Amino acid sequence: AAKHAGRGCLRSFDPAMQAAVEARSRLESELREALVDWQFQLVYQLQVGEGDHAIGAEALVRWMHPRRGLIGPSEFIALAEETGLIVPMGRALLERVCLQLCAWSEDPQMSEVTVSFNISAREMGEPDFVDAVIEILQRTGVPVRRLKLELTESALLGDVDDIAARMHRLRAHGVSFSLDDFGTGFSSLSYLKRLPFDQLKIDRSFVRDILEDNVDAHLSRAIVALAASLGLSVVAEGVELAAQGEMLRTFGCSRFQGFLFGEPMSAEAFTEALHTAAARQTVAGALAD
Ligand code: C2E
Ligand code: MG
Ligand code: MG
Ligand code: MG
């Protein structure tokens with residue numbers, strides 16, 4: 001009988017589909033509530049440079065769900081984008097990142113740390129995106145040179161000239177840009193030609209199999225060379241093994257992010273980790289003298 005119920009009605013007779021629709025709408029209303037109650041938290045994952053020296057962090061959002069506990073972005077960012085909730089969420093998160101950078105700028109051990117923050121397609125596409133970001137930069141008084149925005153190719157769909165103009169306006173205020181998940185999309189190279197990026201991030205999918213898969217190794221090497229010839233810095237994501245980092249180093253990559261160097265952690269834990277590392281280096285330096 002369901003078959004003859006007509007377009008649209010059919011769905012409600014499929015129990016699995018029905019359950020999925022209900023789960024989604026429940027998650028959506030929970031997400032709205034989470035925004036009002038502010039159930040989100042930012043964690044920071046270390047990025048290292050030469051000699052495993054701390055150079056920065058990527059800020060990553062987590063949702064402290066009242067029933068389910070800590071939830072990662074893969075479970076809610078897509079829905080937040082579809083519903084547009086990512087827009088107010090992203091702005092509130094960016095403000096917090098800026099305030100964190102302000103606090104770190106007062107701490108000699110942390111003042112050189114650069115923080116990367118992810119911007120999704122829906123956020124980038126908002127007509128007032130640039131104005132909203134500039135307003136946050138000015139209101140918080142963040143040291144803008146320490147702020148980097150990460151964009152994936154999906155955030156670059158749409159009118160390239162318009163996106164370039166947006167990026168240039170923000171650059172004029174001191175913001176820099178990183179092209180995230182580089183190499184996983186279809187038109188990375190044309191974006192590099194037309195948009196003012198400062199950095200490429202080699203996607204985790206290349207790094208993961210770099211030791212076993214020759215193609216991944218060759219591609220990683222080519223990405224590093226490409227970045228160098230365009231004058232961009234390059235960060236390898238998802239480095240879990242020392243041997244992966246060593247291979248990338250032989251390709252000329254000197255900036256890394258991954259579980260090998262640290263998992264994402266609270267701002268407090270991150271600050272403490274860097275203080276401890278700095279103290280250890282000072283002691284090592286003193287011992288070496
Ligand atoms: P992404 O920007 O590519 O972030 C890197 C992801 O890789 C993070 O996952 C990080 O925890 C994970 N990762 C880092 N090192 C390793 C490693 O060594 N091994 C493995 N297996 N994974 C590693 P996470 O935190 O789950 O974030 C997933 C994605 O969600 C991010 O990918 C980003 O696209 C998005 N996202 C996270 N936070 C935000 C946010 O505040 N705003 C927006 N718009 N998107 C966000
Ligand atoms: Mg990222
Ligand atoms: Mg990435
Ligand atoms: Mg990713």
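Is Asn118 buried, partly exposed or exposed? With a relative accessibility of 25%, Asn118 counts as partly exposed. The close-up views below come from a predicted model, and this residue appears in the opening one.

**View 1. Four residues hold the magnesium ion (ligand 2).**
Welcome to the first metal site. Here Glu58, Asn118, Glu150 and Asp180 are the protein donors, at 1.9 to 2.2 Å from the magnesium ion (ligand 2). Glu58 and Glu150 each give an OE atom, Asn118 its OD1 and Asp180 an OD atom. If you would like to find them in the sequence, look for the spacing E-x59-N-x31-E-x29-D. Glu58 belongs to strand S2 (residues 54–65) and Asn118 to strand S4 (residues 114–119), so this pair ties together parts that are 60 residues apart in sequence. The surroundings of the two can be read from their accessibility: Glu58 is buried, at 4% relative accessible area, whereas Asn118, at 25%, is partly exposed.

**View 2. Asp180, Asp181 and Glu237 supply the donors of the magnesium ion (ligand 3).**
Now turn to the other ion in these views. Its protein donors lie 2.1 to 2.4 Å away: an OD atom from Asp180, an OD atom from Asp181, and OE donors from Glu237, which is listed twice. Along the chain, these donors follow the spacing D-D-x55-E. Asp180 sits in strand S6 (residues 176–182) and Glu237 in the loop between S8 and H10, so the pair ties together parts that are 57 residues apart in sequence. Asp180 counts as buried at 6% relative accessibility, and Glu237 is buried too, at 11%.

**View 3. Asp180 bridges the two magnesium ions, ligand 2 and ligand 3.**
Which residue joins the two sites just shown? Asp180 bridges the magnesium ion (ligand 3) and the magnesium ion (ligand 2). The two ions lie 4.0 Å apart. Asp180 is therefore a residue to look for in both of the views above, and with a relative accessibility of 6% it counts as buried.

**View 4. Glu237 also meets Lys201 in a salt bridge.**
Glu237, a donor of the magnesium ion (ligand 3), has another partner to show you. Its side chain forms a salt bridge with that of Lys201, at 3.7 Å from N to O. Glu237 is in the loop between strand S8 (233–236) and helix H10 (242–250), while Lys201 is in strand S7 (residues 199–202), so the pair ties together parts that are 36 residues apart in sequence. Both partners are buried: Glu237 has a relative accessible area of 11%, and Lys201 has 0%.

**View 5. Arg24 and Glu82 form a salt bridge between two helices.**
How many salt bridges are counted in this model? The count comes to 18, and here is one of them: Arg24 with Glu82, whose closest N and O atoms are 2.4 Å apart. The pair links distant parts of the chain, with Arg24 in helix H1 (residues 15–37) and Glu82 in helix H2 (residues 77–83), 58 residues apart. Arg24 is partly exposed at 36% relative accessibility, whereas Glu82 is exposed at 51%. Glu28 and Arg32 come into the picture as well, since salt bridges that share partners join Arg24, Glu28, Arg32 and Glu82 into one network.

**View 6. Glu75 and Arg68 meet in a salt bridge.**
In this last view, the two side chains come within 2.7 Å, N to O. Glu75 is partly exposed, at 46% relative accessible area. Arg68 is partly exposed as well, with a value of 42%.

Conventions
Residues are numbered from 1 along each chain as its sequence is written. Chains are lettered from A and ligands numbered from 1 in the order in which they are written. This is a predicted model: local features need pLDDT of at least 70, side-chain atom pairs count only at pLDDT 80 or more; totals for chains, interfaces and linings use all residues. Side-chain values use heavy atoms; hydrogens and water are left out. Donors are N, O and S atoms within 2.8 Å of the metal (3.2 Å for Na, K and Ca); water is not among the atoms, so sites may look incomplete. Helices (H or I, at least four residues) and strands (E, at least two) are DSSP runs, numbered from the N terminus. Buried means under 20% relative accessible area, exposed over 50%, partly exposed in between (1.4 Å probe, protein chains only). A salt bridge is a side-chain nitrogen of Lys or Arg within 4 Å of a carboxyl oxygen of Asp or Glu.
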